[in-house]
Amino acid sequence: MNIPKFVSDSLKFLDDECKKICDITDALDNSPTEKKIKIAEYKCCKYRYASISNIRSSLWHNYRCGKLFNLEYSHHLLMPFDEMLKKNEKYLNICKSATVDEQQEYFLYYSMKAFSEQEILELKAKIQSSDDWESTMLKEKIKGFYIAVSCLDQAWKNRKEVVF
């Protein structure tokens, strides 16, 4: 399967971020004493990982299913992502303006951005009524979504670069 540069770069950048987090948590898993001392850091890493891996798997499955099941009738996306993108008129118009050959990448990128933005808004709304630890957890999940979006943004910028 010939994966578009945007998708392959996004997956690589997201995998790299997940690996950084796993390196930290795996090291702590192998040292119970150290883990006990750094349990807050460990949990924060896990919350960031949850958000990043959510975007990574969502991107991959939308791409894969778009190819396997020919979802072109629904903007190349699984229904929840398609519906979320339809609610964001700005992103939807950008996607519709793309050439037919580029539409899959546009719909993937902008649906992941719309999804992330929606998740961040929901998490921020919960912070106001949360206790200290729950607030920390929500903030770390938000950080994870921001990291994931930065990976997508970098891949989006790189998508037109020619590799020799």
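## Exercises on cysteines and aromatic rings

C45 is buried, at a relative accessible area of 1%. Keep in mind while working through these that the model is predicted.

**Exercise 1. Work out how many disulfides the structure holds, and why C45 and C65 form no such bond.**

Step 1. Grab the cut-off: two cysteine sulfurs have to be within 2.5 Å to count as a disulfide.

Step 2. Try C45. The closest cysteine sulfur belongs to C44 and sits 7.2 Å away, which is too far for a bond.

Step 3. Try C65. Here the closest cysteine sulfur is in C95, at 18 Å, so that is too far as well. Like C45, C65 is buried, with a relative accessible area of 8%.

Step 4. Check against the full search: across the whole structure, the count of disulfides is zero.

**Exercise 2. Classify the ring pairs that W156 makes with Y106 and with Y109.**

Step 1. Pick your descriptors. For a pair of aromatic rings, those are the distance of the centres and the angle of the planes.

Step 2. Start from the total: there are 12 aromatic pairs in the structure. One of them is Y106 with W156, with centres 4.8 Å apart and planes at 85°. Angles over 60 degrees count as edge-to-face, so that's the label for this pair.

Step 3. Place this pair on the chain. Y106 belongs to helix α6 (residues 103-127) and W156 to helix α7 (residues 132-158), so the pair links distant parts of the chain, 50 residues apart.

Step 4. Now do Y109 with W156: 4.3 Å centre to centre and just 5° between the planes. Under 30 degrees means stacked, and stacked it is.

Step 5. Y109 lies in helix α6 too, so its pair with W156 in α7 ties together parts that are 47 residues apart in sequence.

Step 6. Zoom out. Ring pairs join W156, Y106 and Y109 with F6, Y91 and Y110 into a cluster.

**Exercise 3. Decide whether Y109, W156 and Q128 are buried or exposed, and find what lies over the face of W156.**

Step 1. You need two thresholds: under 20% relative accessible area is buried, over 50% is exposed.

Step 2. Y109 comes in at 6% relative accessibility, so call it buried. W156 has a relative accessible area of 10%, so it is buried too.

Step 3. Look at the face of W156: R159 lies over it, 3.7 Å from the ring centre.

Step 4. Move to the loop between α6 and α7, where you'll find Q128. At 75% relative accessibility, Q128 is exposed.

Step 5. For a bit of scale, Q128 and G144 are 16 residues apart in sequence, and their C-alpha atoms are 19 Å apart in space.

Note on methods
Residues numbered from 1 in each chain as written. Predicted model: local features only at pLDDT ≥ 70, side-chain atom pairs only at ≥ 80, totals over all residues. Heavy atoms only, no water. Buried < 20%, exposed > 50% of the residue type's maximum accessible area, 1.4 Å probe, protein only. Phe/Tyr/Trp six-rings, centres within 6.5 Å; stacked < 30°, edge-to-face > 60°. Helix = DSSP H or I, 4+ residues; strand = E, 2+ residues; numbered from the N terminus. Lys NZ or Arg CZ within 6 Å of the ring centre and 35° of its normal.
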